[in-house]
Amino acid sequence: MSFPRKRESILSSHPELVSPSQTRFQDLDPGFYSLRLKDYSKSGMTKKHMISPVKIWRRQKDIGKLLGKKGKIITWTMIYVAGSEFKKFAPYPVAVIQLEEGKKITAPIVDYEKGDLRIGSEVKVILRKVREGDKEDVLVYGVKLKPI
Amino acid sequence: MVSLIGYYTTQFGELWDRSLSDLIKEAIFGVLRNTGLEKSQIDAIFFGNMLAGILENNLHSPSKIAEIMGVNIPIFRAESACASGGVAFHLAKNYLEANSNKTVLVIGAEKMTDYSPEETTSALASAASGEEQEAGLTFPGLYAMMANYYLEKYDSTEEDLAYVSYKNHYHGSLNEKAQFRKIVSVEQVLKSPYVAYPLKVLDCCAASDGASAVILTNHNAVKKKSKYSVNVLASEVATDTISLKERKRLDEVLATKFAADKAFLNSKINRKKINVAEVHDCFSIAEVLALEDLGFWKKGEGGKKTKELSTIHGSNGDLIVNTSGGLKAAGHPVGATGIKQIGEIYLQLTVQATNRQVKNARYGLAHNVGGSGGTAVVTILGV
């Protein structure tokens, strides 16, 4: 049995399979924490996460293209009860926005005043630290939104 | 025609003394006892569960169920977040349509309360897109964004939404298997702290433990012997984008519309004939959207309609909704919910719903949603 020499992407030979959706497909996959290790050294069963550099690399390729772009808030919420990794930031607002070019993104809002949190408000895409792991982990930068 | 001939559910709640396997065992042997069937009469099992793999490193559930039950039959697990139970039911019905003279057991189960709220919240967030997870969105957060959009667009209020919780807690007070049997006032809902604006603690369902099971058959002899039987007229599944931002509209769950339209078409039942419905009220806004997207109410009317309480047990309304207490008061062990909803409709149609019985209920609908609307299952039962 021999393996094919060249792997062709099925999508390159079948353009009709390419989704018209604007989603960057890496947006679908879960986040930067790839390894879930059990840390028995401290309090028994607390879970310790490690940030995966390869996942950061995969997901950050497109970030540069978004920076500085402007858009409008389509809807938003203020998260009071957060998951484990975001607990220390709560409460924090998150919005779905539509960029002037039509593309939509979902990201937290920072540097805001209460009046900025309303549907239709204008925001700009900025680069911010989004995750902080263990002291040996790489820092993760990503997209956040700032009111204009 | 596939018939549903039996139902059993464990208590829903914080069941610290029972493991996932304990709950599965109780539900399987409970439903066998209720139907008078031997385990040797079961030809296959369909199991709905979401979180065991992620929370307690617990997978290969088919083989675990085989050991619990002492059988060697085919067993399948379905996972579609909070719609895992409904999807398992759908697959079971399809299995029967492809195989004559068979009897299958469908069980949904979940163990959620061994973990901190943060751990459970993070595990549930696995059913959202990566971008949404990285933005720090939670499940309540996703529905809160839909709620905020809806309230602004249709000039509805947080008070309108509070009536969903008021009604479902009243229903929960009538269901001995419900997690919360306490009545809450609209004022209490409004005064509860925010989880994700504009949704408050009492707009949200809780994390629960529980297991529910039903038995489906197309075996003529088994059907004939069954004491309480209803027909499965339709079970339809539809999907949509996982990302909320990619949805066509934020004031509807399109997957619900697709599944409902198909279910009504295939069952040849008019919406007006449905007397009882269990709809997916993981958050108060979700029940409002569900009743609109299922086609019972017009889009945008939901806030006002909710406040009229026409769907509460004891009202003169033509459609009574979530007599089990819904996810809000009955509890939401995510894999079990879809089966409990179908089981509640079965109890209503076979006049076994005791103090929450709806009179002359002939047709019922169960509506189960996964994630923020990425999957929807609509099941129609009739007598």
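This tour visits a surface patch and an annotated domain in chain A, and then the cysteines of chain B. The structure is a predicted model.

**Stop 1: a nonpolar patch in chain A.** Select A:Leu67, A:Leu127, A:Leu139 and A:Tyr141. These residues make up a nonpolar patch on the surface, and their accessible area together is about 340 Å².

**Stop 2: A:Leu67.** Keep A:Leu67 selected and display the backbone around it. A:Leu67 sits in the loop that runs between helix H3 (63-66) and strand E3 (70-79) of chain A. With a relative accessible area of 33%, A:Leu67 is partly exposed.

**Stop 3: residues 67-125 of chain A.** Extend the selection to residues 67-125 of chain A, where an unreviewed UniProt entry places the feature "domain: ChsH2 C-terminal OB-fold". The end C-alpha atoms of this span are 5 Å apart. Its content is 46% strand and 0% helix.

**Stop 4: the cysteines of chain B.** How many disulfides does a search of the whole structure find over all chains? The search finds zero. Select B:Cys82 together with B:Cys282 to examine one case. The closest cysteine sulfur to that of B:Cys82 belongs to B:Cys282, and because the separation is 6.5 Å, the two are too far apart for a bond. B:Cys82 itself is buried, at 8% relative accessibility.

Next, add B:Cys205 to the selection. B:Cys205 likewise takes part in no disulfide, and its nearest cysteine sulfur, that of B:Cys282, lies 5.8 Å away. The cut-off for a disulfide is a pair of cysteine sulfur atoms within 2.5 Å. B:Cys205 is buried, with a relative accessible area of 17%.

Conventions
Residues are numbered from 1 along each chain as its sequence is written. Chains are lettered from A and ligands numbered from 1 in the order in which they are written. This is a predicted model: local features need pLDDT of at least 70, side-chain atom pairs count only at pLDDT 80 or more; totals for chains, interfaces and linings use all residues. Side-chain values use heavy atoms; hydrogens and water are left out. Patches are made of residues with over 30% relative accessible area and no salt bridge: like charges are joined within 9 Å, nonpolar side chains (Val, Leu, Ile, Met, Phe, Trp, Tyr) within 5 Å. Accessible areas come from the Shrake-Rupley method with a 1.4 Å probe; for residues, only the protein chains shown count as cover. A salt bridge is a side-chain nitrogen of Lys or Arg within 4 Å of a carboxyl oxygen of Asp or Glu. Helices (H or I, at least four residues) and strands (E, at least two) are DSSP runs, numbered from the N terminus. Buried means under 20% relative accessible area, exposed over 50%, partly exposed in between (1.4 Å probe, protein chains only). UniProt positions are given in the numbering used here, feature names are shortened, and annotations may be inferred rather than shown by experiment.
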